[in-house]
Amino acid sequence: MQDLWNFALELYARPGVEQACLDLQDAGSDVCLLLTGAWLQQRGVRYVDERLRALTEVAGPWQREVVSPLRQTRRHWRTAAGQDAELAALREQIKKLELQAERVLLERLQALAANWPDEEAQSDWLLALTGENSAALQVLRGATRLA
């Protein structure tokens with residue numbers, strides 16, 4: 001079984017997936033949960049409301065308290081960093097911290113789901129996580145099938 005971090009890196013690198021994830025993030029979805037859902041779906045882990053709740057209980061606080069503040073700072077500095085080399089360097093460090101925080105979250109989500117049985121279930125984790133069948137979701141779903 002491929003670990004969640006490497007699965008996420010491979011999936012994110014597929015054509016259209018980065019933009020689809022950003023579109024879904026802008027619409028209110030948690031990209032780390034989406035990547036976890038895609039990983040679970042590929043493994044054949046059956047979607048169960050209690051499992052989604054457990055994942056959300058881990059991801060929610062980490063996103064609010066760690067990832068989102070880093071992301072907000074990075075985005076806030078975007079324009080100014082274009083004209084200030086020192087600020088641009090600090091912004092790159094924030095970007096690396098944000099990625100590391102997401103990696104920690106994915107590792108925690110993997111640990112939580114590691115013992116959930118692979119049942120060859122036909123569950124749609126991605127639809128459950130987004131709540132809507134958007135074009136961005138279709139891109140992510142298609143890339144997951146190829147993974």
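Helices here are DSSP runs of type H or I with at least four residues, numbered from the N terminus. By that reading, Leu112 is found in helix 6. Please keep in mind that this is a predicted model.

**Two residues of helix 6**

Let us stay with Leu112 for a moment. Its relative accessibility is 32%, so Leu112 counts as partly exposed. Setting aside residues up to four places away in sequence, Leu112 touches Ala54, Leu55 and Val58. Arg51 is 61 residues away from Leu112 in sequence, yet their C-alpha atoms are 9.2 Å apart in space.

Glu98 also belongs to helix 6, which covers residues 85–113. Is Glu98 buried or exposed? With a relative accessibility of 5%, Glu98 counts as buried, because the cut-off for buried is under 20%. Which residue does the side chain of Glu98 join in a polar contact? The partner is the side chain of Arg74, at 2.5 Å. Beyond its neighbours within four places in sequence, Glu98 is in contact with Val67, Leu70 and Arg71 as well as Arg74.

**Buried faces of helices 1 and 2**

Next come two helices nearer the start of the numbering, with their buried residues set out below.

| Helix | Residues | Buried residues |
|---|---|---|
| Helix 1 | 4–13 | Leu4, Trp5, Phe7, Ala8, Leu11 |
| Helix 2 | 17–26 | Val17, Ala20, Cys21, Leu24, Gln25 |

In helix 1, the buried residues Leu4, Trp5, Phe7, Ala8 and Leu11 span an arc of only 160 degrees around the axis, so they sit on the same side of helix 1. For helix 2, the buried set Val17, Ala20, Cys21, Leu24 and Gln25 covers an arc of only 135 degrees, which again puts them on the same side of helix 2. The general background is that an α-helix has 3.6 residues a turn, so residues three or four places apart point the same way.

The ends of these helices have details of their own. Where helix 1 starts, a side-chain oxygen of Asp3 comes to within 3.1 Å of the backbone nitrogen of Trp5. Just after helix 2, Gly28 adopts a positive phi of about 110 degrees.

**Helix 1 against helix 3**

How do helix 1 and helix 3 lie relative to each other? Their axes come within 10 Å and cross at roughly 105 degrees, with helix 3 made up of residues 31–43. The two helices are therefore roughly perpendicular to each other. From helix 1, Leu4, Phe7, Ala8 and Leu11 meet Leu35, Thr36, Ala38, Trp39 and Gln42 of helix 3. The residues of this contact divide into 7 nonpolar, 2 polar and no charged.

Methods:
Residues are numbered from 1 along each chain as its sequence is written. This is a predicted model: local features need pLDDT of at least 70, side-chain atom pairs count only at pLDDT 80 or more; totals for chains, interfaces and linings use all residues. Side-chain values use heavy atoms; hydrogens and water are left out. Buried means under 20% relative accessible area, exposed over 50%, partly exposed in between (1.4 Å probe, protein chains only). A polar contact is a pair of N or O atoms within 3.5 Å; within protein, one must be able to donate a hydrogen and the other to accept it, and residues adjacent in sequence count only if both atoms are side-chain atoms. Contact means heavy atoms within 4.5 Å. The arc is that of the directions from the helix axis to the C-beta atoms. Axes are lines fitted to C-alpha atoms, for helices over the stretch in contact, and angles run from 0 to 180 degrees between N-to-C directions. Angles under 35 degrees count as roughly parallel, over 145 as roughly antiparallel, 65 to 115 as roughly perpendicular and the rest as oblique. Ala, Val, Leu, Ile, Met, Phe, Trp, Tyr, Cys and Pro count as nonpolar, Asp, Glu, Lys and Arg as charged, and the others, Gly among them, as polar.
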